[in-house]
Amino acid sequence: NSHPLALSVGVTLDRYIMHRQMAFPYASGDLSQLLRDIALAGKIIHREVNRAGLIDLTGEMGVENVQGESQQKLDMIADIRFYRALRNGGEACAIISEEEEEIIHTGNDNGKYVVAIDPLDGSSNIDVNVSIGTIFSIYRRTTPVGSKATLDDFMQGGRKQVAAGYILYGSSTIMVYTTGHSVNGFTYDASLGEFILSHPDMRSPADGQIYSYNDGYLPEFPDGVQHYLSECRKRRYSARYIGSLVADFHRNLIKGGIYLYPATKKNPEGKLRLLYEAYPLAFIAERAGCLAVSQEHSILDIDPVSLHQRTPLFIGSQTMVEELVSTNSRQPML
Ligand code: P6P
């Protein structure tokens, strides 16, 4: 339906997706369905997150994930929920997840898409009631429909993403995603069980006065980064660091700001993961008027070489990222 209200605040995610799909007459509706499947998993995780303390889900499973990090129960549940939603939805033939070492085949070999996902990022915050988030990235498979997905399907590079988004389980639960055009935010109304369009066509401020980084690592940062941060302090900018990438990213997207996670001694390649953290957030950032770089490269131009590879990440308001890069060009960031 071309009803003018179809894209206005208050419309449900389902109706919004249907309306957007009609703008692409040849669209088969598979990506639309995949986005609905992801939203469904988000609703289920919203429920688990909001009652975690009540059903003893906040403890540690006592097992480690491929990252060598102790796996929180909710991490595991989120991973399983997304696997089930994507397997049952039928559109995704394979998944890579922060929680799993290898490619997970869903059994839908006729699915046209693959999904890279961090089911629950910021999991160290689960026990202390701080916002956490899901980050997802979608590619159209390059291997033949009907065959088993391979590594190649996931190694296409950041600019080949067909969609990317996140679900932030915060004071409210919001799903923000783009299919390459505008960036739109949908706030979850649990009483209806619906995501409702609340942030249409998100455009981030070109500049900002908020900087987000872990001050504990400051001495290890490259000189250029330290110089930039001392400039932020001189200008009395606000330091805001939640310790949950999705929450810091979302605040900076709305208010303007920059998030910095350089290489450190503990993580000489950077801490954040390229395929299911940096690429999707960079894809969103660039479509909302922001920038995302590693050192001097745009995140989206980094060539992927392995599923769980890490990268330094500097992401946020265009003017802030440009100043950081120019500061570092004078003092190398390596
Ligand atoms: P640190 C959470 O583990 C995470 O991946 C991001 O969500 C967050 O921004 C960062 O790591 C926090 O890392 O080293 O400051 O605790």
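Which residue of strand 13 does serine 212 stand opposite? I looked it up, and the residue is tyrosine 259. Before going further I noted that this is a predicted model. The mean pLDDT of the protein is 91, with 91% of its residues at 70 or more. For the complex, the predictor reports an ipTM of 0.98 and a pTM of 0.93.

**Entry: strand 13 and its neighbours**

I stayed with strand 13, which covers residues 258-261. On one partner side I found strand 11 (residues 210-212), paired with strand 13 in the parallel sense over two bridges. I also found strand 17 (residues 313-317), which pairs with strand 13 in the antiparallel sense over four bridges. Tyrosine 259 turns up again here, since I see it standing opposite isoleucine 315 in strand 17.

Next I asked myself: are the faces of strand 13 covered or not? Both are covered. Ile258 and Leu260 are buried on one side, and Tyr259 and Tyr261 are buried on the other. That split fits a rule I keep in mind: side chains in a regular strand alternate between the two faces of the sheet.

**Entry: the sheet around strand 13**

I then traced the whole sheet, and it is an open one of five strands in the order 12-11-13-17-15, with mixed pairing. Which strands stand at its edges? I get strand 12 (238-239) and strand 15; each has a single partner strand, so one side of each is left without a neighbour in the sheet. Strand 12 runs parallel to strand 11, and two bridges join them. For one pair in that stretch I wrote down isoleucine 210, whose bridge partner in strand 12 is serine 238.

**Entry: the ligand**

I listed what surrounds the ligand: Asp121, Gly122, Asn214, Tyr217, Tyr241, Gly243, Ser244, Leu245, Tyr259, Tyr261, Lys271 and Leu272. Tyr259 and Tyr261 are on that list, and I had already met both as buried residues of strand 13. Sorted by class, the shell has six nonpolar, four polar and two charged residues.

Which tyrosine side chains have an N or O atom at 3.1 Å, 2.6 Å or 2.5 Å from a ligand oxygen? For tyrosine 217 I have 3.1 Å from an oxygen atom of the ligand to an N or O atom of the side chain. For tyrosine 241 the corresponding distance is 2.6 Å. For tyrosine 261 it is 2.5 Å. I also noted how covered the ligand is: taken alone it exposes 400 Å², and the protein buries 83% of that.

**Entry: helix 7**

I moved on to helix 7 (residues 274-287), which is mostly covered, with 12 of its 14 residues buried. Among the buried ones I jotted down Leu274, Tyr276, Glu277, Pro280 and Phe283. Isoleucine 284 is also in this helix, and it counts as buried because its relative accessibility is 0%. Out of curiosity I checked isoleucine 284 against glutamate 194: they are 90 residues apart along the chain, and their C-alpha atoms are separated by 22 Å. Just after helix 7, I noticed that glycine 289 takes a positive phi of about 90 degrees.

**Entry: glutamine 309**

I found glutamine 309 in the loop between strand 15 (290-293) and strand 16 (310-311). Is glutamine 309 buried or exposed? I put it down as buried because its relative accessibility is 13%, and the cut-off for buried is under 20%. Its side chain reaches the backbone nitrogen of serine 306 at 2.9 Å.

**Entry: the eight-strand sheet**

Last, I went through the sheet of eight strands, which is open, has mixed pairing and follows the order 4-3-5-6-7-8-9-10. Strand 4 (104-105) and strand 10 (194-199) are the edges; each has a single partner strand, so one side of each lacks a neighbour in the sheet. Strand 3 (residues 92-97) and strand 5 (residues 113-121) run parallel and are joined by five bridges. Within that pairing I see serine 97 opposite isoleucine 117 in strand 5.

How do strand 9 and strand 10 pair, parallel or antiparallel? I have them as antiparallel, over five bridges, with strand 9 covering residues 183-189. Threonine 187 has isoleucine 196 in strand 10 as its bridge partner. The two strands form a hairpin with four residues between them, and glycine 193 in the turn has a positive phi of about 70 degrees.

Conventions:
Residues are numbered from 1 along each chain as its sequence is written. This is a predicted model: local features need pLDDT of at least 70, side-chain atom pairs count only at pLDDT 80 or more; totals for chains, interfaces and linings use all residues. Side-chain values use heavy atoms; hydrogens and water are left out. pLDDT is the predictor's confidence in each residue, from 0 to 100. A residue is near a molecule or strand if one of its heavy atoms lies within 4 Å of it. A polar contact is a pair of N or O atoms within 3.5 Å; within protein, one must be able to donate a hydrogen and the other to accept it, and residues adjacent in sequence count only if both atoms are side-chain atoms. Accessible areas come from the Shrake-Rupley method with a 1.4 Å probe; for residues, only the protein chains shown count as cover. Ala, Val, Leu, Ile, Met, Phe, Trp, Tyr, Cys and Pro count as nonpolar, Asp, Glu, Lys and Arg as charged, and the others, Gly among them, as polar. Buried means under 20% relative accessible area, exposed over 50%, partly exposed in between (1.4 Å probe, protein chains only). Two strands pair if DSSP finds at least two bridges between them.
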